[in-house]
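Please open the structure in your viewer and keep the sequence panel visible. The tour below proceeds by selections, each followed by a description of what is found there.

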Amino acid sequence: HDLVVAIDGPSGSGKSTVARRVAAALGLRYLDTGAMYRAVTWWALEQDVDLADVERVAQLARELPLQQGLDPADPTVAVGGIDIAAAIRSSRISAAVSAVATNLGVRAELVARQQAVARAGGVVVEGRDITTVVAPDAPVRVLLTADEQVRLSRRALEVHGSADASAVDATRDQVVRRDADDATVASFHEAADGVDVVDSSLLSLDETVAAVLKLVEA
Ligand code: CDP
């Protein structure tokens with residue numbers, strides 16, 4: 001079908017996993033917009049481009065030969081034929097991505113690409129500004145939140161394979177700083193008018209997916 005589901009949320013809210021599961025359940029495609037900002041970041045660092053050179057980085061975004069697979073069972077990301085799915089999750093990219101995401105020229109280009117996918121319909125689009133900027137008219141718009149402590153534990157488990165105190169500490173600095181940097185462009189902690197909030201702090205993954213699917217049916 002041509003349904004568009006928009007999902008926003010901060011780091012560790014579980015939005016990627018939830019968005020993929022929702023897309024699979026509904027037979028929709030899946031667009032990870034964070035992967036696009038990460039891909040521009042990867043490409044810029046690969047070419048030793050100074051991220052503070054906003055014009056140059058915006059130009060790179062416009063020229064980015066991105067190939068993104070939209071199958072929720074196998075969401076691939078490649079640039080110029082190079083598989084970068086794993087590389088864009090590195091802490092090097094995570095630490096640099098906000099500098100690219102706050103570049104308005106980059107945002108203009110990536111938002112336009114994302115809107116082209118949304119216009120075609122039949123997709124779950126996930127990110128930070130999907131409910132507000134990319135697809136404000138989507139029939140289903142969800143802000144996925146979770147308490148900071150829960151988000152840090154989830155992210156620590158993802159990145160360090162453990163959610164013990166030292167892993168959570170290592171994660172805290174990165175996540176809190178990136179959230180603060182990101183907040184200058186998209187205020188993703190507050191739901192815009194008409195956006196449904198799903199707080200996953202006390203929910204399992206299955207329960208969170210079910211809560212979003214219920215909003216789709218409503
Ligand atoms: O690690 P996490 O899942 O939180 O991040 P992500 O969804 O992969 O997004 C990585 C970064 O891309 C974010 O920290 C933002 O800087 C940026 N981003 C954005 O600005 N707008 C979006 N729609 C998606 C991501």
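Which residues does Ser200 touch, not counting residues up to four places away in sequence? Select Ser200 and display its surroundings: the residues in contact are Ser13, Thr145, Ala146, Arg154 and Thr208. Please bear in mind throughout that this is a predicted model.

**First stop: Ser200**

Ser200 is located in the loop that lies between strand S8 (196–199) and helix H9 (205–217). Is Ser200 buried or exposed? Its relative accessibility is 1%, and because buried means under 20%, Ser200 counts as buried. Now add the side chain of Arg154 to the selection: a polar contact of 2.8 Å joins it to the side chain of Ser200.

**Second stop: the ligand**

Select the ligand next, together with the 19 residues around it. Those that come nearest are Ser11, Arg38, Arg155, Arg178 and Asp182. Begin with Arg38, where an N or O atom of the side chain is 2.7 Å from an oxygen atom of the ligand. Move on to Arg178: here too a side-chain N or O atom lies 2.7 Å from a ligand oxygen. Then select Lys15, which has a polar side-chain atom 3.2 Å from an oxygen atom of the ligand.

How much of the ligand does the protein bury? Taken alone, the ligand exposes 520 Å², and the protein buries 98% of that. Colour the elements that give two or more residues to this shell: helix H2 (33–46), helix H4 (91–101), strand S6 (123–127) and helix H8 (165–182). Helix H2 gives the most, with 4 residues. If you colour the shell by class, you will find 10 charged, 5 polar and 4 nonpolar residues.

**Third stop: helix H5**

Select residues 104–120, which form helix H5. This helix has 17 residues and reaches 24 Å from its first C-alpha to its last, close to the 24 Å expected at 1.5 Å a residue.

Look next at the two ends. At the N-terminal end, Asn103 caps the helix, with a side-chain oxygen 2.9 Å from the backbone nitrogen of Gly105. Just after H5 comes Gly121, which takes a positive phi of about 80°.

Which residues of H5 are buried? Highlight Val106, Arg107, Glu109, Leu110, Val111, Gln114, Val117 and Ala118. While viewing them, recall that an α-helix has 3.6 residues a turn, so residues three or four places apart point the same way.

Note on methods: Residues are numbered from 1 along each chain as its sequence is written. This is a predicted model: local features need pLDDT of at least 70, side-chain atom pairs count only at pLDDT 80 or more; totals for chains, interfaces and linings use all residues. Side-chain values use heavy atoms; hydrogens and water are left out. The expected span of a helix is 1.5 Å times one less than its number of residues. Buried means under 20% relative accessible area, exposed over 50%, partly exposed in between (1.4 Å probe, protein chains only). A polar contact is a pair of N or O atoms within 3.5 Å; within protein, one must be able to donate a hydrogen and the other to accept it, and residues adjacent in sequence count only if both atoms are side-chain atoms. A residue is near a molecule or strand if one of its heavy atoms lies within 4 Å of it. Accessible areas come from the Shrake-Rupley method with a 1.4 Å probe; for residues, only the protein chains shown count as cover. Ala, Val, Leu, Ile, Met, Phe, Trp, Tyr, Cys and Pro count as nonpolar, Asp, Glu, Lys and Arg as charged, and the others, Gly among them, as polar. Contact means heavy atoms within 4.5 Å.
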